[in-house]
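Me: I'm new to reading protein structures, and I'd like to learn how to do it step by step. Could you take me through this one?

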Amino acid sequence: MKQIRNFINGEFVGAGRPFDKRSPLSNRVIAQVAEATRDEVDAAVQAARAALAGPWGRITVAERVDLLYAVANEITRRFDDFLEAECADTGKPRSLASHIDIPRGASNFKIFADVVKNVPSEFFEMATPDGKGAINYGYRTPIGVVGVICPWNLPLLLMTWKVGPALACGNTVVVKPSEETPQTATLLGEVMNTVGVPRGVYNVVHGFGPNSAGEFVTRHPQIDAITFTGETRTGEAIMKAAATGARPVSLEMGGKNAAIVFADCDFDAAIEGTLRSVFANCGQVCLGTERVYVERPIFDKFVAAMKQGAEGLKLGPPEDKTTGMGPLISKEHQNKVLSYYQVARDEGATIVTGGGVPAMPGELTDGCWVQPTIWIGLPESARVIKEEIFGPCCHIAAFDSEEDVLAKANANDYGLATAIWTQNLSRAHRVAQRMKVGLAWVNSWFLRDLRTPFGGAKQSGIGREGGVHSLEFYTELKNVCIKL
Ligand code: NAD
C-alpha cells in the first residue's frame with residue numbers, strides 16, 4: 001500500500017495516525033496518508049520561520065526567479081508522475097489533467113516569477129516648504145509564513161496558484177492539501193528538494209479541517225497570513241481563526257454561476273461552451289455553470305442540444321481516451337449530489353436527462369459515479385437553483401429580456417463567474433458590466449490569462465489573486481519617504 005507522508009523541513013515524516021485515501025473510481029483504498037499531529041504542524045511552521053530568517057530570506061530576486069523556473073521545469077520533466085498521482089486521487093480523465101491541471105501547475109511558478117522580476121514599484125516626488133523636496137517609493141517585503149489551505153477539485157493547479165506567488169514574493173509556506181487529494185502536493189516536495197529550494201521553504205501537512213491539520217495551521221499564531229480555496233462556510237471559519245492576531249486572508253470560495261445565452265449567439269459555440277462549463281471535471285469546478293438562462297426563441301432547441309451533448313458523454317476511467325467524464329471525488333460528495341438530485345425531483349423539476357447513478361462495469365461498480373443531469377421547469381426560488389451543488393448538473397430556464405435575465409442571474413448569494421453568449425457587442429459589454437461577479441466571460445468559458453485578476457464577488461470570495469494583484473496579498477508594501 002502506498003504511504004503518503006508530510007513534508008516538513010525538506011524531509012518526509014509521519015508520526016500521526018494514518019487515514020485511508022480511497023479511489024473515486026472504485027472506492028477502494030489506494031493509499032495511507034499520515035495525518036499531521038499538532039506538533040508536526042508546529043514543526044512545519046518553525047521550519048518555515050527558520051527558512052525566512054535563513055538562506056531563503058537572503059537570496060536575491062534573480063536567484064529566486066531561477067529557482068521557481070527550475071521548479072516549473074522539474075514538474076514538466078516529471079509530468080507523468082504528476083499526471084498519474086492527480087488522476088489516481090481524483091479519477092479525472094487524463095485528457096483533462098494533461099491539458100489543464102499539470103501544465104498549469106508548472107506555469108503557475110513561471111508566471112509569478114516573471115511578475116516579481118518585471119513589475120516596477122511606484123515613485124512620487126513631493127515639494128517641501130524648504131524647497132528641497134522629498135521622494136517616496138514603494139518597497140515590497142514578504143509577508144512571512146503563509147498558510148495555504150486547498151480543495152480537491154483541481155489539487156495541483158489551485159495549490160500552486162497560491163504557492164507560486166507566495167514563494168515568488170519571498171515568503172515561505174505551510175500547505176494543507178485536501179484530505180481527498182494528498183498526492184501531488186507531496187510530490188512537489190520531491191521537486192523542491194531536487195532543484196535545491198532551501199529546506200523549510202515549502203512544507204506540506206496532511207489531515208482534515210476542524211481539530212486537525214487545517215485548524216492547527218489556521219490557528220497557529222506564527223502563521224502570518226492565510227490563503228484559502230474551498231467552500232464559503234469553511235472560509236467563514238477560517239476568517240474567524242484569522243481574526244485572532246488580525247491576520248490577512250485571501251478567500252476563493254463557492255459559486256452558483258449563471259450562463260446567459262441570447263438568441264443571437266453562435267449556437268454551436270454556446271452549446272459547446274455550456275456543455276463544458278456544466279460537465280467538465282464532473283461539474284466540480286468553482287467556475288462551472290449550474291444555472292443556464294436561455295432567451296425564449298431558442299430555448300427548446302438549446303435544451304434539446306444540451307440533452308444530446310450530455311447523453312453523448314462517455315463515463316469511464318482516466319486512461320480511456322474516449323472518457324468524457326470521470327466520477328465525483330468521494331462517496332460523501334456523491335451522496336451530497338444525489339441528495340440534490342432528489343431535492344430537484346421533490347421540487348417538481350422536469351428531468352431532461354440523468355438524475356441518477358449510472359451502471360458501471362467491473363471494479364468501477366462501487367465508484368462515485370453520477371449521471372450528467374439537466375432539469376427544467378423549476379421556479380427561481382428552488383433550492384437546486386439557489387444552492388451550490390458542485391456536480392455535473394444544471395437547471396435551464398427561459399428569459400424574455402435583458403432586464404429579466406440580469407435580475408434572475410444576479411439574485412444569488414454567490415458571485416464568482418458568468419458566461420455570456422451573444423454576438424451583439426454592445427449587449428455583451430452591458431451585461432458583463434452589470435453582472436455582480438468577479439469574472440465575466442463573453443463567448444467563452446474558463447479562458448484564463450494568469451496576469452488578470454481572479455476572485456469572487458459577494459459570498460464567493462475576498463480579495464483578488466493573479467498577476468500583480470497577487471502582490472497585494474503576498475507582500476507588505478512599505479512606503480519609504482526620503483527628505484532631500
Ligand atoms: P472545503 O471547504 O470542504 O475544504 C477546503 C479545505 O479546507 C480542505 O483542505 C479542508 O480540509 C480544509 N478545511 C475544512 N474545514 C476547515 C477548518 N475549519 N479550518 C481549516 N481548514 C479547514 O472545500 P472542498 O469541498 O475541498 O472544495 C469544494 C469547494 O471549493 C466548493 O465550494 C467550490 O466552489 C470551492 N472552490 C472555489 C474556488 C475559487 O477559486 N473560488 C476554486 C475551487 C473550489
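Me: Let's begin with Arg28: how do I say whether Arg28 is buried, partly exposed or exposed?

Reply: Keep in mind that this is a predicted model. The general idea is to look at relative accessible area: under 20% is buried, over 50% is exposed, and anything in between is partly exposed. Arg28 has 48% relative accessibility, so Arg28 counts as partly exposed.

Me: Which side chain does Arg28 meet in a salt bridge?

Reply: Look for a side-chain nitrogen of Lys or Arg within 4 Å of a carboxyl oxygen of Asp or Glu. Here, the side chain of Arg28 pairs with that of Glu363, at 2.8 Å from N to O. Arg28 sits in the loop between β4 (18-22) and β5 (29-34), while Glu363 sits in the loop between β15 (350-353) and β16 (373-376), so this pair ties together parts that are 335 residues apart in sequence. Glu363 is partly exposed too, because its relative accessible area is 49%.

Me: How many salt bridges does the structure hold?

Reply: There are 27 of them. Let me show you another kind, inside a helix. An α-helix has 3.6 residues a turn, so residues three or four places apart point the same way. Now find Lys307 and Glu311: both belong to helix α12 (residues 299-311), four residues apart, which is about one turn of the helix. They form a salt bridge whose closest N and O atoms are 3.0 Å apart. Lys307 is partly exposed, with a relative accessible area of 32%, and Glu311 is partly exposed at 46% relative accessibility.

Me: What about Glu402 and Arg427: are they buried or exposed?

Reply: Both Glu402 and Arg427 are buried. Their side chains meet in a salt bridge, at 4.0 Å from N to O. This pair links distant parts of the chain, with Glu402 in helix α15 (residues 402-410) and Arg427 in helix α16 (residues 425-434), 25 residues apart. Salt bridges with shared partners join Asp264, Glu402, Arg427 and Arg430 into one network.

Me: Now for helices. How far apart are the end C-alpha atoms of helix α8, and what span should I expect?

Reply: A helix can be checked by simple arithmetic: take 1.5 Å times one less than its number of residues. For the 13 residues of α8 (residues 183-195), that means an expected span of 18 Å; the end C-alpha atoms are 19 Å apart, which agrees.

Me: How many residues of α8 are buried?

Reply: Ten of its 13 residues are buried, so α8 is mostly covered. Among them are Leu187, Leu188, Val191 and Met192. Just after α8 comes Gly196, with a positive phi near 90°.

Me: Why would I take note of a positive phi?

Reply: Most residues other than glycine have a negative phi, so a positive value in one of those residues catches the eye. Asn281 is such a case, with phi near 55°. Asn281 is in the loop between α11 (267-279) and β14 (289-295), and it counts as buried because its relative accessibility is 9%. Phe446 also has a positive phi, near 60°. You will find Phe446 in the loop between β20 (439-442) and β21 (457-458), buried with a relative accessible area of 19%.

Me: Which residues form a nonpolar patch on the surface?

Reply: Look at Phe123, Tyr137, Tyr139, Ile482 and Leu484: together they have about 480 Å² of accessible area. Tyr137 belongs to strand β7 (residues 134-142) and is partly exposed, at 31% relative accessibility.

Me: Which residues is Tyr340 in contact with?

Reply: When reading contacts, it helps to set aside close neighbours in sequence. Beyond those within four places, Tyr340 touches Trp375, Arg383, Val384, Glu387, Glu388 and Ile389. Tyr340 itself is part of helix α13 (residues 331-346) and is buried, with a relative accessible area of 9%.

Me: To finish, how is the whole chain divided into domains?

Reply: Domain 1 covers 2-253 + 460-483, and domain 2 covers 257-449. Their centres, taken over C-alpha atoms, are 31 Å apart. The contact between them takes 26 residues from domain 1 and 31 residues from domain 2.

How values were computed: Residues numbered from 1 in each chain as written. Predicted model: local features only at pLDDT ≥ 70, side-chain atom pairs only at ≥ 80, totals over all residues. Heavy atoms only, no water. Patch = residues over 30% accessible without salt bridge, like charges linked within 9 Å, V, L, I, M, F, W, Y side chains within 5 Å. Areas by Shrake-Rupley, 256 points an atom, 1.4 Å probe, with all protein chains shown as cover. Helix = DSSP H or I, 4+ residues; strand = E, 2+ residues; numbered from the N terminus. Buried < 20%, exposed > 50% of the residue type's maximum accessible area, 1.4 Å probe, protein only. Domains from an automatic or database assignment. Contact = heavy atoms within 4.5 Å.
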